[in-house]
Amino acid sequence: MEHPLNDPGEPTEGFDTRAIRAGQRRGPEQEHSDPIYATSSFVFASAAEAAARFAGDEPGNIYARFTNPTVRTFQDRLAALEGGEACVATASGMAAILSTCLSLLKAGDHIVSSRSVFGSTTNLFSNYLTRFGIEVTYVPLGDLAAWEAAIRSETRLLFAETPSNPLTELVDIRALADLAHAHGCLLAMDNCFCTPALQRPLEMGADLVIHSATKYLDGQGRCVGGAVVGDAERVGKEVFGFLRTAGPTMSPFNAWVFLKGLETLRLRMRAHSESALALAQWLEAQPGVARVHYPGLPSHPQHALATRQQAAYGGIVAFEVKGGREQAWQVIDSTRLLSITANLGDAKTTITHPATTTHGRIKPEQREIQGIGESLIRVAVGLEDLEDIQRDLARGIDRLC
Ligand SMILES: *Cc1c(COP(=O)(O)O)cnc(C)c1O
């Protein structure tokens, strides 16, 4: 079934080599770039072969809801980058989280989640999973004692993102994994912000890694997709089994775009991180700026952890202007180059006001507790010239004092 020229990628190869070559399946045409298999079904050589494939006695493609060679190449490549045994690609990042929960949890189970997770994740947990008898408790990301206190005998899953959005708070992944395992729970890390180029949670003890491929894996804002990475049993069998039946499947075209994204992932993450660090340092020196949140700054309370846990500090910078909503909006509205949009992980720099957009549905008191005030601005630093990004922000910041 497998073509003899297939190259599963050597685990001993370096990160960039795997990012460019792992999982490639060269076909009889000897194409150099990965092909897009735009097909919904696959043909069998005989009735007996069809029967063997359906029975699971023989490997091979049946139907693209659950296997497609382009999607499989993406899965194999991302698994190789995260250091996981298996990867299941999904239609979106949210579909990856849903597939993980519905395949591994049941009514009566309990989730402990960081309160600083993506807004739709909170919505999915609180407003949908609860309808099916799965309960959730939220805790402050970096407070390990709070995580431990929230764990009950029914707790099955701990869920977190690090660094958090938008304040770039961190959690010690290894410590959280140890805590999860001491209580018989799984740890799922949403690794969207760092990507495996900067942080590999499985190597630090996490059981599952979730991705919104929509962000940095694509890197150029083109496609929506997601993935779950982990061990062969949970991801390769359980999550895959759910996807096979329920069908939140990644399209082959999107998988191809993400494959192209992975080829330059580390180069891009390094460039995003370099510009973000320089921008954060510049922001810290501006009289109109009250505070900058970026793990690469020595002023960040978890700078040492970030240095230990991440290969670089990532592309997200948040800062508070002196004043409130009016001043923050003035900085945002003074930009001409930056895109006013809540998306991130794009070559284009984006700017957003979390309190009235991404975190607008959270009650004001709750937002206050989380530290997401009216003066806060989030910038997802892109790949344009740093001087141009700075000049664009300076238009509004210079007028603040
Ligand atoms: C965007 C995002 C998601 C959801 O991904 P989609 O691809 O938009 O469904 C999940 N987690 C984080 C951290 C994100 O930024």
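The legends below describe close-up views of a predicted model.

**View 1. The residues that surround the ligand.** In this predicted model, the ligand is surrounded by Ser92, Gly93, Met94, Phe118, Glu161, Asp190, Cys192, Ser212, Thr214, Lys215 and Gly225. Sorted by class, this shell consists of three nonpolar, five polar and three charged residues.

**View 2. Polar contacts to oxygen atoms of the ligand.** Two of the contacts shown here involve the protein backbone: a backbone N or O atom of Gly93 lies 2.9 Å from an oxygen atom of the ligand, and a polar backbone atom of Met94 is likewise 2.9 Å from an oxygen atom of the ligand. A side chain also takes part, with an N or O atom in the side chain of Lys215 placed 2.6 Å from an oxygen atom of the ligand. Taken alone, the ligand exposes 380 Å², and the protein buries 90% of that area.

**View 3. Helix H15 and the elements it packs against.** Helix H15 covers residues 386-397, and its 12 residues reach 16 Å from the first C-alpha to the last, which is close to the 16 Å expected at 1.5 Å a residue. The buried residues of H15 are Leu386, Ile389, Gln390, Asp392, Leu393, Ala394, Gly396 and Ile397. These buried residues pack against helix H11 (265-284) and helix H13 (325-333), as well as against strands S8 (289-293), S9 (316-321), S11 (350-352) and S12 (376-380).

**View 4. Two cis peptide bonds in the loop between S4 and H7.** Most peptide bonds are trans. In this view, however, a cis peptide bond joins Thr162 and Pro163, with omega at about -5°, and another cis peptide bond joins Asn165 and Pro166, with omega at about 0°. Pro163 lies in the loop between strand S4 (155-161) and helix H7 (173-182), and Pro166 is also placed in the loop between S4 and H7.

**View 5. Positive phi at Gln30, in a loop.** Most residues other than glycine have a negative phi. Gln30 is not a glycine, yet its phi is positive, at about 60°. Gln30 is situated in the loop between helix H1 (15-21) and helix H2 (47-55), and with a relative accessibility of 53% it counts as exposed, the cut-off for that class being over 50%.

**View 6. Positive phi at Thr195, in a helix.** Thr195, a residue other than glycine, has a positive phi near 65°. Thr195 is found in helix H8, which comprises residues 195-198. Its relative accessible area is 0%, so Thr195 is buried.

Key:
Residues are numbered from 1 along each chain as its sequence is written. This is a predicted model: local features need pLDDT of at least 70, side-chain atom pairs count only at pLDDT 80 or more; totals for chains, interfaces and linings use all residues. Side-chain values use heavy atoms; hydrogens and water are left out. A residue is near a molecule or strand if one of its heavy atoms lies within 4 Å of it. A polar contact is a pair of N or O atoms within 3.5 Å; within protein, one must be able to donate a hydrogen and the other to accept it, and residues adjacent in sequence count only if both atoms are side-chain atoms. Accessible areas come from the Shrake-Rupley method with a 1.4 Å probe; for residues, only the protein chains shown count as cover. Ala, Val, Leu, Ile, Met, Phe, Trp, Tyr, Cys and Pro count as nonpolar, Asp, Glu, Lys and Arg as charged, and the others, Gly among them, as polar. Helices (H or I, at least four residues) and strands (E, at least two) are DSSP runs, numbered from the N terminus. The expected span of a helix is 1.5 Å times one less than its number of residues. Buried means under 20% relative accessible area, exposed over 50%, partly exposed in between (1.4 Å probe, protein chains only). Contact means heavy atoms within 4.5 Å.
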